[in-house]
Amino acid sequence: MIKNYYVEAGEGKPLILLHGNGEDSSIFKFQINRFSEHFHIYAPDTRSHGKTPRGEKPFTLEQFAEDLKDFMDDRNIEKANILGFSDGGNIALIFAVKYPERVDKLVLNSANFIPEGLNTRFLIWTKIRCFFASMMKNSSKMQKKYELMSLMLNEPNLTEEDLKSIKSKTLVIAGKKDLIKKSHTEKIAGLISDSKLVFINGNHATARVNPRDFNREVLDFLID
């Protein structure tokens, strides 16, 4: 079991922030202080991201969801609000399906439940980059890039029935010019029974490029 590096702030009900592919907890720099006014924030770096080690276990979103369970167990967090961005949202989806009793409210920011939910042009570009990275896997740097891009191309692999099984109150939020297809985001919201769908101005990184609107929507949802 690995030990996740994490940022912690605030008091009250736990709110766990999960970053996206190739990033770390610092992407939530516009959220941590604001959200910590209302919640006890935990923002971990995922396995092989930021200051968290790679470890020996498989580099999969399923494993990251297990890492999240271990993280919560280590801190005696029985149940938490979970906000996930991009691959962090995908981890949150997997976690909510596997451990529904551990999730209070769920915020899915630019998540996808199958790889085809990604913008087609971006998916093709990622396949090309992944192919070239696979040719240079003898370099540790390129090996890491290959693993990261492989995640986007091959995972997650959830089903519509999986999403229908989620009972947590859920906010599905994305940018109007996102990398996730609009129709796919709408489908996620349609499959989760107790969900709210919001599109705000911005691209895939709405939390960074439009933190005012993003934070308002998230806090209105979580505090309601």
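User: How far is the charged end of Lys105 from the centre of the ring of Phe221?
Analyst: This is a predicted model. In it, Lys105 places its charged end over the Phe221 ring. The distance to the ring centre is 5.3 Å.

User: Over the ring of which residue does the charged end of Lys182 sit?
Analyst: The charged end of Lys182 lies 5.2 Å from a ring centre. The ring beneath belongs to Phe199.

User: How many aromatic pairs are there?
Analyst: Ring centres must lie within 6.5 Å to pair. By this rule the count is six.

User: Is the pair of Tyr6 and Tyr42 stacked, edge-to-face or tilted?
Analyst: The two ring centres are 6.2 Å apart, with 35° between the planes. Stacked needs under 30 degrees, and edge-to-face needs over 60. The Tyr6–Tyr42 pair is therefore tilted.

User: How many residues apart in sequence are the parts that this pair ties together?
Analyst: Tyr6 belongs to strand β1, residues 6-9. Tyr42 belongs to strand β3, residues 40-44. The pair therefore ties together parts separated in sequence by 36 residues.

User: Is Tyr42 buried or exposed?
Analyst: Tyr6 has a relative accessible area of 26%, so Tyr6 is partly exposed. The cut-off for buried is under 20%. Tyr42 has 8% relative accessibility, so Tyr42 is buried.

User: What is the geometry of the pair of Tyr42 and Phe71?
Analyst: The centres of Tyr42 and Phe71 are 6.1 Å apart. Their planes meet at 85°, and over 60 degrees is the cut-off. The pair is edge-to-face.

User: Which helix holds Phe71?
Analyst: Tyr42 in strand β3 and Phe71 are 29 residues apart. Both are buried, and they form one aromatic cluster with Tyr6. Phe71 lies in helix α2.

Terms used
Residues numbered from 1 in each chain as written. Predicted model: local features only at pLDDT ≥ 70, side-chain atom pairs only at ≥ 80, totals over all residues. Heavy atoms only, no water. Helix = DSSP H or I, 4+ residues; strand = E, 2+ residues; numbered from the N terminus. Buried < 20%, exposed > 50% of the residue type's maximum accessible area, 1.4 Å probe, protein only. Lys NZ or Arg CZ within 6 Å of the ring centre and 35° of its normal.
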